[in-house]
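The following note sets out some remarks on the ligand site and on the empty spaces of this model. The points are numbered for ease of reference.

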Amino acid sequence: MDYQEKTVLLKNGKTCVIRRGEERDAEALLNYLKVTAEETRNLTREPEDVDWTLEEERELIREKNDADDVLNLLAFVDGRHAGNCAFNPADDGSRLRHRCSIGIVLYQEFWGMGIGTALLSEVLASAKAAGYEQAELEVVSTNTAAIGLYQKLGFEAVGTMPRAVKYKDGTYADLLLMVKRL
Ligand SMILES: CC(C)(COP(=O)(O)OP(=O)(O)OC[C@H]1O[C@@H](n2cnc3c(N)ncnc32)[C@H](O)[C@@H]1OP(=O)(O)O)[C@@H](O)C(=O)NCCC(=O)NCCS
């Protein structure tokens, strides 16, 4: 999907540039997926799950940019990649096309600056403009920072999947399902 680049002011006075991911970002995006998976237990992937090549990542970016129901936005602060937020179709099937699934992850050093609020607000507005009626996400039930962000932007918790995530150390986490009408 197309997206017009924007610059927003953060609560610490810095500016944040928000733009669509492009093929030139492929290497940074692979690094981001691996590093952020290492930084937090609140994601569902391990770093080694990111096992596709640079060329495959470029192809994925091309496909997303050509699609009219997908958007991956990147945030940059002081020219550095801070994180991403995206929407994708929630599932296959023409009866499910009104629902999109949301994902958001920032590098740890950029948490708490208001980037999440800025990125997710842009993604929700773009998802509505793309025709989606409902935005959905799953969040580890103890992830208070993310749940606070989602509630602030109008998401409501509608249920919990117990033991949805299993970590390498054998422990589990529940996933909270949250929904927002667009
Ligand atoms: C969750 C995440 C995206 C939030 O982005 P962020 O830029 O840190 O959030 P913001 O600074 O915009 O804060 C938005 C709201 O979230 C809540 N919040 C943020 N950090 C919080 C914290 N440490 N404790 C409690 N609430 C918090 C607050 O309600 C805050 O609103 P306020 O600024 O009006 O007080 C970010 O912390 C992150 O990438 N975390 C790791 C990956 C992750 O957990 N992703 C979600 C997977 S479902």
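1. In this predicted model, an oxygen atom of the ligand lies 2.7 Å from a backbone N or O atom of Leu-106. Two further backbone contacts should be listed with it. For Leu-149, the distance from a backbone N or O atom to a ligand oxygen is 3.2 Å, and for Met-113 the corresponding value is 3.5 Å. On its own the ligand has 920 Å² of accessible area, and the protein covers 72% of this.

2. The shell around the ligand consists of 22 residues. Lys-11, Leu-106, Gly-112, Gly-116 and Thr-117 are the closest of them. By class, the shell comprises eleven nonpolar, eight polar and three charged residues.

3. As to where the ligand is placed, it sits in the largest pocket. Two or more residues of the surrounding shell are given by each of strand 5 (99-106), helix 3 (115-129), strand 6 (134-140) and helix 4 (144-152). Helix 4 supplies the largest share of this shell, namely seven residues.

4. The largest pocket itself merits a separate description. Its space amounts to about 1,500 Å³, and 50 residues form its lining. Nearest the centre of the pocket are Leu-43, Gly-103, Ile-104, Val-105 and Tyr-150. Which element gives the largest share of the lining of this pocket? That element is strand 5, with seven residues. The lining divides into 29 nonpolar, 13 polar and eight charged residues. Thus helix 4 is to be named for the ligand shell, and strand 5 for the pocket lining.

5. The second largest pocket has a volume of about 170 Å³. It is lined by 13 residues, and those closest to its centre are Ala-37, Thr-40, Arg-45, Glu-46 and Tyr-167. Helix 1 (26-39) and strand 7 (156-166) are the elements that contribute two or more residues to this lining. In terms of residue class, the lining of the second largest pocket holds five nonpolar, two polar and six charged residues.

6. Enclosed space should be treated apart from the open pockets. How many cavities of 30 Å³ or more are counted? The count comes to one. About 40 Å³ of space lies in the largest cavity, and the residues lining it are Gly-21, Leu-29, Ile-61, Lys-64, Asn-65 and Asn-72. Helix 2 (residues 54-66) gives the most to this lining, with three residues. The lining of the largest cavity is made up of two nonpolar, three polar and one charged residues.

7. For a check of the ligand site, the backbone contacts of Leu-106, Met-113 and Leu-149 may be read together with the placement of the ligand in the largest pocket. Leu-106 appears both in a backbone contact at 2.7 Å and among the residues closest to the ligand.

Conventions: Residues numbered from 1 in each chain as written. Predicted model: local features only at pLDDT ≥ 70, side-chain atom pairs only at ≥ 80, totals over all residues. Heavy atoms only, no water. Near = heavy atom within 4 Å. Polar contact = N/O pair within 3.5 Å; in protein donor to acceptor, adjacent residues only side chain to side chain. Areas by Shrake-Rupley, 256 points an atom, 1.4 Å probe, with all protein chains shown as cover. 1 Å grid on protein atoms, 1.4 Å probe; cavity = no way out; pocket = protein on both sides within 12 Å on 5 of 7 lines; lining within 4 Å. Sits in = over half its atoms within 2 Å of the grid points. Helix = DSSP H or I, 4+ residues; strand = E, 2+ residues; numbered from the N terminus. Nonpolar A, V, L, I, M, F, W, Y, C, P; charged D, E, K, R; others polar. Points joined across faces, edges and corners; volume = space filled by probe spheres on them.
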